[in-house]
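Visitor: Please take a close look at one part of this model, the lining of its largest pocket, and follow the charged contacts from there.

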Amino acid sequence: MKPKYLTKNDKIYLVAPSFGCTTTPYKQRLNKSIENFKKLNMNLYYGENIFLNEGLVASNTKELRAKEINDAFKSDASAVWSVGGGELMNQILPYVDFNIIKEN
């Protein structure tokens with residue numbers, strides 16, 4: 001199944017399942033991306049972790065990063081967009097509700 005293209009007024013949920021954008025150049029790139037999405041008339045949901053760094057690189061605890069993913073897939077967003085990272089994303093797997101992802 002091929003996902004549909006995003007169109008004007010679609011909703012994008014920004015998440016940080018690995019690290020948040022707190023340093024150069026990541027924070028500037030995310031802010032520029034947000035600016036560009038707004039120019040395209042996209043509606044944005046901001047996950048609570050996207051601008052956080054709670055310690056060793058990760059945006060937040062494993063549990064809170066997974067909660068952000070679960071919340072994003074429960075929302076009415078047309079797309080879920082990871083703002084960066086990925087190396088620590090595997091840490092959240094025990095806390096992710098894959099049924100929510102499957103249903104949405």
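Guide: In this predicted model, the residues lining the largest pocket divide into six nonpolar, three polar and one charged. The nonpolar members of the lining are Pro-3, Ala-72, Phe-73, Ala-77, Ala-79 and Val-80. Ser-75, Ser-78 and Asn-104 are the polar ones, and Lys-4 is the charged one. The volume of this pocket is about 240 Å³. Two elements give two or more residues to its lining, namely helix 2 (62-74) and strand 3 (79-82). Ala-72 and Phe-73 fall within the range of helix 2, while Ala-79 and Val-80 fall within that of strand 3.

The charged residue of the lining leads on to the salt bridges. Side chains of opposite charge can pair when their charged atoms come close. Lys-4 forms such a bridge with Asp-10, with 3.9 Å between the closest N and O atoms. That distance lies within the 4 Å cut-off for a salt bridge. The two partners differ in exposure: Lys-4 has a relative accessible area of 61% and is exposed, whereas Asp-10, at 10%, counts as buried. The cut-offs explain these labels, because buried means under 20% and exposed means over 50%.

Helix 2, which contributes to the pocket lining, also holds a salt bridge. Here the side chains of Asp-71 and Lys-67 meet, at 2.6 Å from N to O. Both residues lie in helix 2, four residues apart, or about one turn of the helix. Asp-71 is partly exposed at 21% relative accessibility, and Lys-67 is partly exposed as well, with a relative accessible area of 40%.

Away from the residues listed for the lining, helix 1 (residues 26-39) offers another pair with a spacing of about one helical turn: Lys-32 and Glu-35, three residues apart. They form a salt bridge in which the closest N and O atoms are 3.2 Å apart. Lys-32 counts as partly exposed at 41% relative accessibility, and so does Glu-35 at 36%. This pair belongs to a network of salt bridges that links Lys-32, Glu-35 and Lys-39. In total, the structure holds five salt bridges, among them the Lys-4 to Asp-10 contact that starts from the pocket lining.

Notes
Residues numbered from 1 in each chain as written. Predicted model: local features only at pLDDT ≥ 70, side-chain atom pairs only at ≥ 80, totals over all residues. Heavy atoms only, no water. 1 Å grid on protein atoms, 1.4 Å probe; cavity = no way out; pocket = protein on both sides within 12 Å on 5 of 7 lines; lining within 4 Å. Points joined across faces, edges and corners; volume = space filled by probe spheres on them. Buried < 20%, exposed > 50% of the residue type's maximum accessible area, 1.4 Å probe, protein only.
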